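Me: Please take a close look at one part of this model, the place where two neighbouring helices of one chain pack together. I would like to know what they are made of there and how they fit into the rest.

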Amino acid sequence: MKRLLAIAALLPVSFSVWAAEPVIPAAYPKPTGAQLAQTFPYSMIGQLLFENGRSFYSGSGTVIRPKSVLTAGHILYDFDGGWSTNLLFQRGLYGKTGLSEQYATRIYVLGGYRESVNRYGGDDVRAFSHDMGGLVFPKPLANGSTAGWSSDTSLLTGTSYNIAFGYGAEFHTGDDLLSVVPTAPFESISGAFLENRSLYFESGMSGGPVFARGDKGLLFVSGIVVSGSTDPVAGGIRALNSTAAAFIQRYLR
Amino acid sequence: MKPRTAALIFLGILLCLTIEVIYKIRHADDPVPDEVPAASEPATPSPQAPRATALPSITGSLSLPNPAQLPASPLYARITALLEKLRHGGASSLDLAQLADELSAADKRQAFSAILDFLSTGQDASTGAEFTIGENGRLAGAPTLRVMLMDLLGRFSDQTGGAEAATLARTVLETKDSADEWAVSLRNIARHEPQSVPYLAGKMQELLSNAPWLTKPSAGMLEAFDVAVFTKDPKLIPPLAAMIGGENQPLRRAAAVALDRLSEAAPLQVMTYLNQNPRVMADHPFIRADYFSKADLADPQQRQAVELYISRPDVALEEKTKLLKGLVAPASFVSENLLTQPPPPVDDAVRLATVEKTTGEWLKSNRFPQLQPELIRLQSHLGR
């Protein structure tokens with residue numbers, strides 16, 4: 001069963017996921033340690049704390065433009081609670097120490113009248129192909145530094161090295177950066193939604209980046225963690241394609 | 001000859017000449033036909049039930065001859081050839097694109113003629129594509145051949161300024177055969193007759209209350225919700241609000257986005273309506289608060305609407321608090337839409353300064369005592 005990963009912080013943990021026997025030996029997220037979490041480009045990743053309805057949640061995001069963070073759309077809007085509020089981005093957080101924090105002052109969700117989870121339901125792979133959003137902040141988040149990004153989706157489906165990050169709150173505290181490296185390439189499922197059966201994403205990692213290594217050995221954000229599956233074990237991402245590139249360039253500062 | 005008889009003969013000749021001139025204009029470059037258009041005799045049953053559409057007259061005053069009785073133009077023949085290919089499952093997206101290119105490259109009067117003649121036959125076939133909006137409201141994907149041709153007709157009318165697409169659209173909107181065709185028709189009218197907002201709003205009311213379409217909404221129907229944003233008509237709020245509380249997820253999604261975008265496009269109208277109709281959206285307090293958070297507090301009328309809202313005893317504290325939080329970080333859906341443009345990127349510095357000043361005044365005057373703690377927090381938040 002697939003489900004959103006944005007909001008695990010207050011959700012009951014489902015230990016049944018560990019009972020599933022993965023067909024492919026799956027990699028599970030592990031803490032990166034404070035040093036890596038606060039080293040570029042990983043230091044561009046941060047935890048997102050926010051409110052929706054009557055509850056508080058946590059997710060993940062990445063500084064993609066000097067004043068902007070890229071994250072998953074379902075972190076930012078919910079059909080009962082409406083738009084999320086009090087979105088606090090804590091960059092480079094590990095344990096109790098972070099590199100900077102700031103509240104968002106503008107929210108964008110890439111999606112129209114018929115995209116996103118609620119058109120197809122949370123289990124449908126098509127639900128996640130538009131799951132992208134951005135936050136704009138009043139001041140630069142990392143003194144002008146940003147993570148590099150690429151809309152070349154072959155970096156995810158080919159043989160390039162990939163690594164996913166996020167603040168998992170399902171089996172970890174939600175305050176430590178976790179990473180997981182797939183042992184197989186991502187597969188294109190529907191639109192910009194890709195899936196990988198060689199890894200598992202924890203709740204709370206939603207909105208975190210999937211880095212891919214490019215030609216010159218540099219790491220680029222190429223996807224966003226958006227969903228997880230327990231049976232079979234799989235992780236879903238929203239790839240950065242040309243639509244995502246246009247969104248980032250037009251709306252994020 | 002009596003003067004009255006002579007006048008009648010003269011009028012008769014004039015009428016015949018007019019019909020001939022119109023016919024020649026529409027088929028000026030047609031080659032001599034050597035076969036009857038396939039449109040008149042479908043070889044196999046169509047997967048889409050044929051529906052005759054009344055042909056709009058180019059002059060607006062005279063009907064044209066039945067296309068089945070006319071010689072086929074090369075463009076018309078190309079359309080019917082593709083129809084047959086689609087019916088037999090042999091057409092690709094490349095075939096569709098090629099036809100669109102040919103029609104786009106052709107003389108527009110010939111293209112209009114071929115498309116209108118074909119649409120008047122009511123024949124159709126599924127393309128296998130999903131109804132998808134591209135740049136500037138153009139379709140990037142059309143589920144049927146008819147929808148694709150109506151989209152092209154609209155594009156060509158945009159180029160020539162002609163009324164062909166809008167005239168056909170009004171005919172399509174007389175019956176409820178296809179929600180996808182309605183979507184394109186509503187767009188074509190809005191583009192050509194922007195003054196037709198009341199008519200479009202009325203048609204949106206019809207669309208939003210048509211039970212068969214609501215049961216299983218097509219992609220085109222959901223995209224048509226953008227017409228509500230285009231019209232900025234607050235009377236469309238109640239049906240959309242009812243959908244937000246419904247069980248149908250696609251409708252819920254489309255209605256939520258439409259209302260959010262409507263409140264962005266027409267904040268004062270939406271806030272005024274919601275203040276005057278306190279039960280509307282009362283079951284969705286957090287979402288209603290979002291609509292007030294779009295307000296521009298520098299606008300005295302909008303500020304007054306917000307102040308009235310947070311003064312209302314029927315609005316719970318948590319809803320008012322959500323509004324205050326939303327004022328600090330307003331939000332938008334970004335997408336290509338049937339009619340309206342995605343929101344422009346904005347510089348928030350001026351807006352934030354206005355929010356800080358206004359909420360500071362509310363705090364200082366203690367005008368909203370129950371909101372004092374949140375106003376203090378908000379001021380601190382803005383000062384960080």
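Reply: What follows describes the helix pair, then its surroundings, then a few backbone details elsewhere.

The model is predicted. The pair consists of helix α7 of chain B, residues 179–192, and helix α8 of chain B, residues 197–208. Two packed helices are described by the angle between their axes and the distance between the axes. Here the angle is about 170 degrees and the axes lie 11 Å apart. An angle over 145 degrees counts as roughly antiparallel, and α7(B) and α8(B) are therefore roughly antiparallel to each other.

On the α7(B) side, the contact is made by B:Trp182, B:Leu186, B:Ile189 and B:Ala190. On the α8(B) side, these residues meet B:Tyr199, B:Leu200, B:Lys203, B:Met204, B:Glu206 and B:Leu207. By class, the residues of this contact are 8 nonpolar and 2 charged, with no polar ones.

B:Leu207 deserves a separate word. Apart from neighbours within four places in sequence, B:Leu207 is in contact with B:Trp182 and B:Leu186, two of the α7(B) residues that take part in the helix contact. Its other contacts of this kind are with B:Trp213, B:Leu214, B:Met221, B:Ala224 and B:Phe225.

B:Leu207 also belongs to the largest nonpolar core, which has 158 residues. Along with A:Phe247, B:Leu103 and B:Phe225, B:Leu207 touches the most other members of that core. The core takes at least three residues from domain 1 (38–193) of chain B and at least three from domain 2 (198–348) of chain B. A second core, separate from this one, has 13 residues, among them A:Val180, A:Phe186, A:Leu199 and A:Ile237. In soluble globular proteins, nonpolar side chains tend to be buried together.

Away from the helix pair, three backbone details can be noted. In chain A, a cis peptide bond joins A:Phe40 and A:Pro41, with omega about 5 degrees. A:Pro41 sits in the loop between α1 (34–37) and β3 (45–52) of chain A.

The other two details are asparagines with positive phi. A:Asn86 has phi near 50 degrees and is part of strand β8 of chain A, residues 85–91. A:Asn86 is buried, at a relative accessible area of 14%. B:Asn136 has phi near 55 degrees and lies in the loop between β1 (132–133) and β2 (139–141) of chain B. B:Asn136 is partly exposed, at a relative accessible area of 43%.

Methods:
Residues are numbered from 1 along each chain as its sequence is written. Chains are lettered from A and ligands numbered from 1 in the order in which they are written. This is a predicted model: local features need pLDDT of at least 70, side-chain atom pairs count only at pLDDT 80 or more; totals for chains, interfaces and linings use all residues. Side-chain values use heavy atoms; hydrogens and water are left out. A nonpolar core is a set of buried Ala, Val, Leu, Ile, Met, Phe, Trp, Tyr and Cys residues joined through side-chain atoms within 4.5 Å. Buried means under 20% relative accessible area, exposed over 50%, partly exposed in between (1.4 Å probe, protein chains only). Domain bounds come from an automatic or database domain assignment. Contact means heavy atoms within 4.5 Å. Axes are lines fitted to C-alpha atoms, for helices over the stretch in contact, and angles run from 0 to 180 degrees between N-to-C directions. Helices (H or I, at least four residues) and strands (E, at least two) are DSSP runs, numbered from the N terminus. Angles under 35 degrees count as roughly parallel, over 145 as roughly antiparallel, 65 to 115 as roughly perpendicular and the rest as oblique. Ala, Val, Leu, Ile, Met, Phe, Trp, Tyr, Cys and Pro count as nonpolar, Asp, Glu, Lys and Arg as charged, and the others, Gly among them, as polar.
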